[in-house]
Amino acid sequence: MAEEKIIKKVATRESYGNALKELAEEFPNLVVLDADLAAATKTGIFKKAYPERHIDCGIAECNMVGIAAGLAAVGKIPFVSSFAMFAAGRAFEQVRNSVGYPHLNVKIGATHAGISVGEDGATHQCNEDLALMRTIPGMVVMCPSDDVEARAAVRAALEYEGPVYLRFGRAAVPVINDRPDYHFEIGKGTIVREGSDVTIVATGIGVDSALGAAKMLEKEGVNAEVVNICTIKPLDEELIVSSAKKTGKVVTVEEHSVIGGLGSAVCDALCKHYPVPVCKIGMQDVFGESGSAAALIEKYGLDAKGVYQTVKAFI
Amino acid sequence: MKNLELQKTANEVRKGIVTAVHGANAGHPGGSLSAADMFTFLYFEEMNIDPQNPQMEERDRFVLSKGHTAPGLYAALANRGFFPVEDLPTLRHLGSYLQGHPCIHIAGVDMSSGSLGQGISAAVGMALAAKLDGRTYRTYTMLGDGELEEGQVWEAAMFAGHRKLDNLCVIVDNNNLQIDGPISEVCSPYPIDKKFEAFNFHVIQIDAHDFDQIRAAFKEARETKGCPTCIIMHSLKGKGVSFMENNVDWHGKAPNDEEYAVAMADLEKIGEELEKAGE
């Protein structure tokens with residue numbers, strides 16, 4: 001593509017670490033907890049600047065979540081950091097019972113989500129976290145698509161009173177929201193590309209793939225609308241339903257199991273308000289595997305080409 | 001408070017426990033009764049709390065890690081004036097604020113708990129926050145001895161010892177019985193003292209039903225610097241109710257009307273003896 005310019009790429013975990021550091025002065029009650037992964041979750045950036053406010057809990061995620069609950073119960077705003085597999089997976093019950101049930105002001109910054117973890121393979125590729133976190137009453141669930149959105153989401157989580165789950169990725173991803181009128185609000189989706197033939201609802205790295213797919217579809221005369229959903233819970237049902245009314249067909253894209261994540265949330269909303277055919281792109285009830293992030297995203301049909309092909313077959 | 005007053009209050013707490021569990025027709029009387037003296041001492045002497053101002057900023061914190069013994073906590077809170085004693089029989093009823101396990105929204109309850117192993121971590125977080133900000137409140141948490149089989153307990157102990165949280169006091173209710181039998185037979189956590197010592201705790205062993213020993217243990221805990229304290233209290237499960245004492249069947253079962261009458265008669269008798277002792 002001739003018009004393609006050099007696009008800046010940043011991993012959203014990097015955005016997370018940077019945002020924590022940038023917001024530390026403004027939010028003196030902010031503390032950051034880690035389970036021996038500060039270098040990987042990028043909270044090491046915060047740790048370097050505010051060592052006395054960084055608490056390494058060692059390799060014990062369940063206890064870390066409990067400590068965060070205790071900190072929040074006495075007025076701190078703890079960010080619990082680990083890989084999604086351990087923060088949402090291993091510590092699920094601690095998140096549910098020690099954070100969710102008492103509705104404490106704990107933020108969970110989960111990095112290395114999805115298959116873009118890459119080489120580590122299936123044990124570390126969490127494709128279930130959105131589903132798990134969505135089921136906890138009162139939990140806000142966010143999955144930013146790029147650096148701009150990830151930083152905005154961290155700030156929004158800090159300003160919000162209550163438990164929040166934030167999903168970040170390991171791999172560097174293109175910055176797609178760098179525009180002057182960018183505005184972030186918990187629970188609000190954005191139409192990042194207007195169209196009339198099909199709606200592609202995407203989250204996280206899926207947004208960039210959806211935009212790429214929309215360009216390919218355009219060449220074939222298919223005008224796709226792309227909706228970026230950062231907040232999976234509470235879901236911007238109004239936006240999704242209004243787009244579905246316009247296009248009559250919906251495709252969802254997420255680096256997550258098609259069971260319980262964005263696709264399921266979108267189906268829930270559409271079933272209730274405006275049923276239309278839906279095609280869910282994501283991990284089709286399978287585990288991931290080792291490989292480079294790019295190769296895995298391609299293999300599981302989550303890149304622009306994969307999304308394009310699936311949408312084309314669907315419509 | 002004088003020991004005799006504490007004993008009388010603890011007896012009222014025990015009546016509250018039996019009444020609540022009978023009213024609920026479910027719940028855990030055994031471990032509530034074994035810890036009744038400790039609940040009483042915490043809320044009537046040891047802790048800096050104010051029933052008129054349950055959210056008092058610098059109050060001492062308590063997390064009931066063995067949350068299933070909520071009847072004991074609730075009975076102590078009610079007798080201390082956090083909410084009416086008359087509400088205790090609504091325990092576990094639909095619409096009652098007295099949930100089956102402690103809930104943070106109940107006056108006087110500092111943390112929701114009940115999934116074993118989790119309360120101690122929250123208590124550690126509270127103690128850590130005080131250390132970070134130079135706050136003076138102390139944090140207490142009570143664990144069951146069976147609960148020590150949960151791995152998270154030791155994650156929390158490792159962290160508390162590592163961080164030298166001397167503002168934290170962990171109480172282990174060592175009544176030696178868990179649902180499936182004696183803890184030494186199910187999956188023994190003994191020796192409990194050596195384990196906590198290995199995690200850099202100062203360990204004190206006491207008789208759970210001796211107020212002089214309870215008082216002395218807390219004094220020693222407050223004076224212990226540079227490490228958290230673990231008070232292992234040797235208790236009698238079901239203490240005070242004849243047919244419940246040291247009987248694992250009463251871990252999680254409510255008395256029927258006849259049994260309730262016997263239990264209350266047992267406690268009334270103890271109350272009368274305490275009155276006589278005071279004369």
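**Two interfaces in a predicted model**

Across the interface of chain B and chain A, one salt bridge is found by the rule applied here, and in this predicted model it joins A:Lys76 to B:Asp133, with the closest N and O atoms 2.8 Å apart. The count of residue pairs in polar contact between chain B and chain A is 10, where both residues of a pair have a pLDDT of 80 or more. On the side of chain B that touches chain A, the elements that give two or more residues are helix H5 (118–133) and helix H6 (151–162) of chain B. Of these, H5(B) provides the largest share of that side, with 10 residues. Sorted by class, the side of chain B that touches chain A is made up of 13 nonpolar, eight polar and six charged residues.

The extent of this interface can be described both by residues and by area. In terms of residues, 27 from chain B are in contact with 25 from chain A. The size of an interface is often given as the accessible area lost when the parts come together. For chain B and chain A, the area buried between them is about 1900 Å², and 58% of it lies on carbon and sulfur atoms.

A second interface lies within chain A, which is divided into domain 1 (9–174) and domain 2 (190–314). The C-alpha centres of domain 1 and domain 2 of chain A are 25 Å apart, and their contact takes 31 residues from domain 1 of chain A and 34 residues from domain 2 of chain A. Between them, these two domains of chain A bury about 2300 Å², to which carbon and sulfur atoms contribute 57%. Of the area that domain 1 of chain A buries against domain 2 of chain A, 30% is supplied by A:Ile115, A:Asn127 and A:Arg134, more than by any other three residues.

A:Arg134 also takes part in a salt bridge, in which its side chain meets that of A:Asp268 at 2.9 Å, N to O; across the interface of domain 1 and domain 2 of chain A, the rule finds one salt bridge. Polar contacts between the two domains of chain A number 21 residue pairs, both residues being at pLDDT 80 or more. On the side of domain 1 of chain A that touches domain 2 of chain A, at least two residues each come from helix H7 (129–134), strand S6 (140–142) and strand S8 (172–174) of chain A, and H7(A) gives the most, with four residues. By class, this side of domain 1 of chain A has 16 nonpolar, eight polar and seven charged residues.

Conventions: Residues are numbered from 1 along each chain as its sequence is written. Chains are lettered from A and ligands numbered from 1 in the order in which they are written. This is a predicted model: local features need pLDDT of at least 70, side-chain atom pairs count only at pLDDT 80 or more; totals for chains, interfaces and linings use all residues. Side-chain values use heavy atoms; hydrogens and water are left out. Domain bounds come from an automatic or database domain assignment. Contact means heavy atoms within 4.5 Å. Buried area is the accessible area (1.4 Å probe) that two parts lose on being put together, summed over both. A salt bridge is a side-chain nitrogen of Lys or Arg within 4 Å of a carboxyl oxygen of Asp or Glu. A polar contact is a pair of N or O atoms within 3.5 Å; within protein, one must be able to donate a hydrogen and the other to accept it, and residues adjacent in sequence count only if both atoms are side-chain atoms. Ala, Val, Leu, Ile, Met, Phe, Trp, Tyr, Cys and Pro count as nonpolar, Asp, Glu, Lys and Arg as charged, and the others, Gly among them, as polar.
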